[in-house]
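User: I would like a close look at the charged side chains of this protein and at how they pair with their partners. Please explain the reasoning at each step, and then place these pairs within the rest of the chain.

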Amino acid sequence: MTAKSASWNRSRVATLTLLGSLLMLAAGPLLAEWSIARGSNVQGATNAAPAPRGTDWLYTLKAGEQLDTLVSELLKERYTARQLMRHNQLTPDARLAQGDTLRIPLAWLKQQPDPARALAVSGNVGVVSASDGRQRPLSVNSLIRAGDEIVTRNGNATVELADGSVIRISPNSRLIFNKLTQYGKAGMVDIRLRLDHGGISTQVEPLLEGGARFEVETPSAVAAVRGTVFAMQSRPGMTALQVTEGTVTFGPHGQPQNIPAGYSASVDSTSPGQVQIRRLPPAPQAESLPPNLQSLPAELRWANNGASRYQVDVFDTDSGEWLKSTTVSQTTYNLDYLDNGSYDIQVAALDARGIAGMPASQTVDIDLQARAAQLLSPETGTAIDDDMPEFSWQYRGSNEVARVEISGSEDFSNLIATSEWAPDSTALANKPLRPGQYYWRVVTEAGGNSVASSDARQFVINGTLPPVRILSVNYIDSQVRIFWQSVDTATGYLLQLAEGPEFRNIVKEASVDDTTAALRLIPGRRYFVRLKALSDGPLASRWGPGRELFIE
């Protein structure tokens, strides 16, 4: 497993590594009595019986740790080392050593309100602030504080708590963060959430003994956990729970039961006080995918375990983002259109109620490499009359998307137009092209970060110059002067004089650089004149409307 693929558990590892050298947890009465007995044997211990443990937390000293430093880091300012020694039935001059255990009341510990943080957000998700009641879009790295609410609509969110626990919030859910408290350096937490409606799936870090708390409440039930993986759904009158790792204490308020891994439980308002417990469908036997995929799509297969439907979930192991959730009736699923990275793929059978069972999980790394596309049309040197030509190509790699790039220079230093990124093999530019010479190429992308460019091809847009409109005609004796509208892209004008409006019998034709010309006509005869713009470039031109001329 790569470092990236292990990041779903990174907070747990980091927490245990950090606290392992600092803390020894009370695992039961025997350990507690041994630690306290050793502490009472230090020089200066009194013979009085130790105070009742109550809500004390046991802290074991590490090598070189000084009592004054410990007090300043763990305790509120109003509590002193003398008070801590007295609470542990020790004299002020008692000598402490590595491995000695002190009892610390939870009420004495520093309480720091540590906010949660959004690891990943997909779709329409909002956060309602407890401070002003306003709802804002939730984005990655947004902080969620005590009292805030997350409301998902057609989206989902992944949230990391201060202790490293991770919560995935399903679409159409409302989760309220009633309490987010961490006890200073102790690392102990008091987290209380309310799932008003919708669903969550969680991975909760192991909690420290002696006061740590992690609870999820719904309108009809409450779940208390101590380091586990579970999912929970709430709807009017009903709460459902599925435990895939560890144990969850779950049930109506005041009537909890222990639900172990591999079981689901539900509370229904139609049966007050009862907890319905069922075994979850077993995990399907899935065929292992190659740990490193260099091409997509890849087919995931698993054995039929009697279920009529299965749920496939795809998670980004780096961010925890819930990328895909698909229900299928067959025992295969195609992984497709995923960026390069590490993914957790989970397959679970659905029971008759649509509840997902124990998941079969595997991690795969995707490493796609883009390949240059083969250009099809237009061919090099093609002259095109359409200002929105179609471009086509053929992919050489798998699971790629592409776009067309159009430039006025062969080095593509000045992009004039592009197409949208898409998996299609044909595209139009995002705007009409003016007449002129261009170069085009196709850029392919695979895995979100691997890019390849094809060779470039040159083509020409013929286009048309606008027709020339005659503005005015002045008669002076037998001479006629004509004035016409200028065309910006024209290098000159072609004038035709004919004896009929059909311009079959051309009397005179001449190129003119200016926008005026003088003609000498025979009096008493009718003539017709027209003009069109000329260009040195690849531009077709059209004749403007004719104008009748007559000198009496």
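Analyst: In this predicted model, a salt bridge joins the side chains of Arg301 and Glu299, with 2.6 Å between N and O. The general principle is that side chains of opposite charge can pair when their charged atoms come close. Are the two partners buried or exposed? Arg301 has a relative accessible area of 39%, which lies between the limits of 20% and 50%, so this residue is partly exposed. Glu299, at 37%, is partly exposed as well.

The pair just described belongs to a set of salt bridges whose count comes to 13. Another member is the bridge between Arg353 and Asp351, at 3.0 Å from N to O. Arg353 has a relative accessibility of 42% and therefore counts as partly exposed.

A further salt bridge connects Arg441 with Glu405, and their closest N and O atoms are 3.0 Å apart. Arg441 belongs to strand S33 (residues 436–446), while Glu405 belongs to strand S30 (residues 400–407), so this bridge ties together parts that are 36 residues apart in sequence. Glu405 has a relative accessibility of 6%; because this is under 20%, the residue counts as buried. Salt bridges can also share partners: Glu149, Arg174 and Asp196 are joined into one network in this way.

Arg441 has a second partner of another kind, since it also lies over the face of Phe412, at 4.1 Å from the ring centre. A similar arrangement is found at Arg168, whose charged end sits over the ring of Phe315, 3.5 Å from the centre of that ring.

Aromatic rings also pair with one another, and the count of such pairs comes to eight. In the pair of Trp393 and Tyr395, the ring centres are 6.4 Å apart and the planes meet at 80°; this angle is over 60 degrees, so the pair is edge-to-face. Trp393 has a relative accessible area of 2% and is therefore buried. Trp484 and Tyr493 are likewise edge-to-face, with 5.9 Å from centre to centre and 65° between the planes. Both Trp484 and Tyr493 are buried. Elsewhere, ring pairs link Phe391, Tyr438, Trp440 and Phe459 into a cluster.

For buried residues in a helix, one may turn to H3 (residues 67–74), where Leu67, Leu70, Val71 and Leu74 are the buried residues. These four cover an arc of only 100° around the axis, which means that they lie on the same side of H3. The spacing has a general explanation: an α-helix has 3.6 residues a turn, so residues three or four places apart point the same way. The cover over the buried residues of H3 includes strand S1 (56–60), helix H4 (81–87) and strand S2 (101–105).

The whole chain provides the setting for these details. It contains four helices and 44 strands, and 47% of its 552 residues count as buried. Among contacts between residues at least 6 apart in sequence, 58% join residues at least 24 apart. The chain exposes about 26,900 Å², and carbon and sulfur atoms supply 47% of that area.

Conventions. Residues numbered from 1 in each chain as written. Predicted model: local features only at pLDDT ≥ 70, side-chain atom pairs only at ≥ 80, totals over all residues. Heavy atoms only, no water. Phe/Tyr/Trp six-rings, centres within 6.5 Å; stacked < 30°, edge-to-face > 60°. Buried < 20%, exposed > 50% of the residue type's maximum accessible area, 1.4 Å probe, protein only. Lys NZ or Arg CZ within 6 Å of the ring centre and 35° of its normal. Helix = DSSP H or I, 4+ residues; strand = E, 2+ residues; numbered from the N terminus. Arc of directions from axis to C-beta. Contact = heavy atoms within 4.5 Å. Salt bridge = Lys/Arg side-chain N within 4 Å of Asp/Glu carboxyl O. Areas by Shrake-Rupley, 256 points an atom, 1.4 Å probe, with all protein chains shown as cover.
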